[in-house]
Amino acid sequence: MRKAFLAMLCAVLVFVPVTASGEWKPDKPITCIVPWAAGGSTDQITRVCAGELEGALGQKIVIVNQPGASGSVGTKTVLDAERDGYTWASGAVADLGTYKVMGFLDTTLDDWHLYLSVANVIVISVHPDTPYKDFGSLLAAFREKPGEIPVATAGEVSGGRVGMESLRKYGDFEYKHVPYAGGNPAVVACVSGETPVVCQLACEQVDMIRAKRLRPLAVLDVSPLEVKDYGAIPPVTNWLSDFKSIPFYFGIFIPKGVPNEVISTLDKLWVDIIGNSQVVKDYALDRGAVFDPAVGKEAREKAFTLTQTVAWLYYDLGRAKVSPEEVGIPRP
């Protein structure tokens with residue numbers, strides 16, 4: 001009896017500290033910085049994922065929009081904050097991985113824990129009053145009027161900008177870049193007629209596409225994009241057969257140096273909750289995105305592959321301030 005009791009006591013003494021030390025229970029609200037304007041792609045998916053995590057964490061996740069310098073202003077706020085697990089970043093992982101290459105911010109993927117949720121694809125659309133009925137007619141206009149046709153994007157290192165630079169590379173044309181402080185302002189600019197063309201993520205355009213206030217010409221992919229309550233948007237490979245698609249992974253990022261229990265808890269919650277979230281799945285279907293959660297090594301591999309593509313695209317086009325090789329990004 002005595003031996004059985006001692007064995008049970010030892011089991012309790014061993015078990016309890018491991019559980020206590022491995023679980024993070026925040027005792028105050030968490031701040032998640034969205035480094036872009038409200039309503040854009042980062043803002044949308046970050047709010048969805050935050051809402052899914054709040055119940056399990058037992059605390060409110062407060063979304064703070066802090067746009068500026070293509071997302072680097074808000075991201076720097078997180079880097080400069082106390083490493084206690086209560087300040088998170090968010091955005092497109094390609095932005096995070098190329099800030100140093102572009103000369104915006106001294107950080108790389110190795111400085112962060114990555115939590116990816118969805119992959120977004122890019123659509124190029126025009127105002128309905130423009131004469132462009134398909135991407136072929138817009139491509140011809142770009143070539144006939146080099147550097148004259150304004151195109152709205154969310155900024156220098158946004159998905160839309162990367163998409164346009166990739167189109168420029170494969171299509172051999174010039175355009176006039178008009179950067180905005182986020183995907184939503186860029187879309188609104190085209191809807192209002194301020195710019196005739198917008199190149200941004202599908203999730204930022206679908207409402208205006210369904211309302212016929214934007215005319216989508218092509219998805220920057222090798223397959224058509226099915227948009228709920230609209231139909232299919234043709235792939236740009238119908239006109240540029242060599243074009244390589246660029247899936248933009250979005251997520252939440254936590255700087256390294258926070259307590260281990262924060263990361264172990266978030267790792268588990270991301271797999272268990274986000275990985276099985278019907279809310280996130282429904283969001284992806286509705287917004288023209290791909291449900292593709294990842295954490296840890298898998299997230300790092302996806303992020304690095306995308307970062308390589310984007311970083312070297314900018315370098316080859318003369319946009320980078322630093323060679324990707326200098327910051328540990330070999331040419332793919």
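Where does Asp229 sit, and between which strands? In this predicted model, Asp229 turns up in the loop that runs between strand 10 (225-227) and strand 11 (231-233). Its phi is positive, at about 65°, even though Asp229 is not a glycine. With 66% relative accessibility, Asp229 counts as exposed.

Ser70 makes a handy companion case. Ser70, again not a glycine, has a positive phi of about 55°. The loop that holds Ser70 links strand 2 (61-65) and helix 3 (72-80). Here, though, the residue is buried: the relative accessible area of Ser70 is 11%, whereas Asp229 is exposed at 66%.

Stepping back to the whole protein, the model has eleven helices and 13 strands. Its radius of gyration comes out at 22 Å, close to the 20 Å that the globule rule gives for 332 residues, so the protein is as compact as a globular protein of that length. Measured out along the principal axes is not the only way to picture it, but the C-alpha trace does span about 90 × 45 × 30 Å. Of the 332 residues, 54% are buried. As for the surface, about 14200 Å² is exposed, and carbon and sulfur atoms supply 54% of that area. Contacts reach well along the chain, too: among those with a separation of 6 or more, 74% join residues 24 or more positions apart.

Next comes the interior. In soluble globular proteins, nonpolar side chains tend to be buried together. In this model the largest nonpolar core takes in 87 residues, and the ones with the most contacts inside it are Trp88, Ile124, Leu167 and Phe248. Apart from that core lies another one of 19 residues, with Val121, Val178, Val206 and Val227 among them. Back in the largest core, Leu167 gives a feel for the packing. Once neighbours within four places in sequence are set aside, Leu167 is in contact with Ile124, Phe135, Phe173, Leu220, Val236, Leu240 and Phe243, and also with Asp172. One of those partners, Ile124, is itself listed with the residues that have the most contacts inside the core.

Thr107 is another spot worth a look. This residue lies in the loop between helix 4 (93-102) and strand 4 (112-120). Loop or not, Thr107 counts as buried, at 1% relative accessibility. Leaving out residues up to four places away in sequence, Thr107 touches Leu79, Leu96, Tyr99, Lys100 and Trp112. With Trp112 there is also a polar contact, made side chain to side chain at 2.9 Å.

That leaves the cysteines. The disulfide count comes to zero. Cys49 is in no disulfide, and the nearest cysteine sulfur, in Cys32, is 9.4 Å away. Cys49 is buried as well, with a relative accessible area of 1%. Why is the sulfur of Cys199 not in a bond with that of Cys190? The two sulfurs are 11 Å apart, which is too far for a bond, and Cys190 holds the closest cysteine sulfur to Cys199. Cys199 is buried too, at a relative accessible area of 0%.

Key. Residues are numbered from 1 along each chain as its sequence is written. This is a predicted model: local features need pLDDT of at least 70, side-chain atom pairs count only at pLDDT 80 or more; totals for chains, interfaces and linings use all residues. Side-chain values use heavy atoms; hydrogens and water are left out. A nonpolar core is a set of buried Ala, Val, Leu, Ile, Met, Phe, Trp, Tyr and Cys residues joined through side-chain atoms within 4.5 Å. Buried means under 20% relative accessible area, exposed over 50%, partly exposed in between (1.4 Å probe, protein chains only). Contact means heavy atoms within 4.5 Å. Helices (H or I, at least four residues) and strands (E, at least two) are DSSP runs, numbered from the N terminus. A polar contact is a pair of N or O atoms within 3.5 Å; within protein, one must be able to donate a hydrogen and the other to accept it, and residues adjacent in sequence count only if both atoms are side-chain atoms. The radius of gyration is taken over C-alpha atoms; the globule rule is 2.2 Å times the number of residues to the power 0.38. Accessible areas come from the Shrake-Rupley method with a 1.4 Å probe; for residues, only the protein chains shown count as cover. A disulfide is a pair of cysteine sulfur atoms within 2.5 Å.
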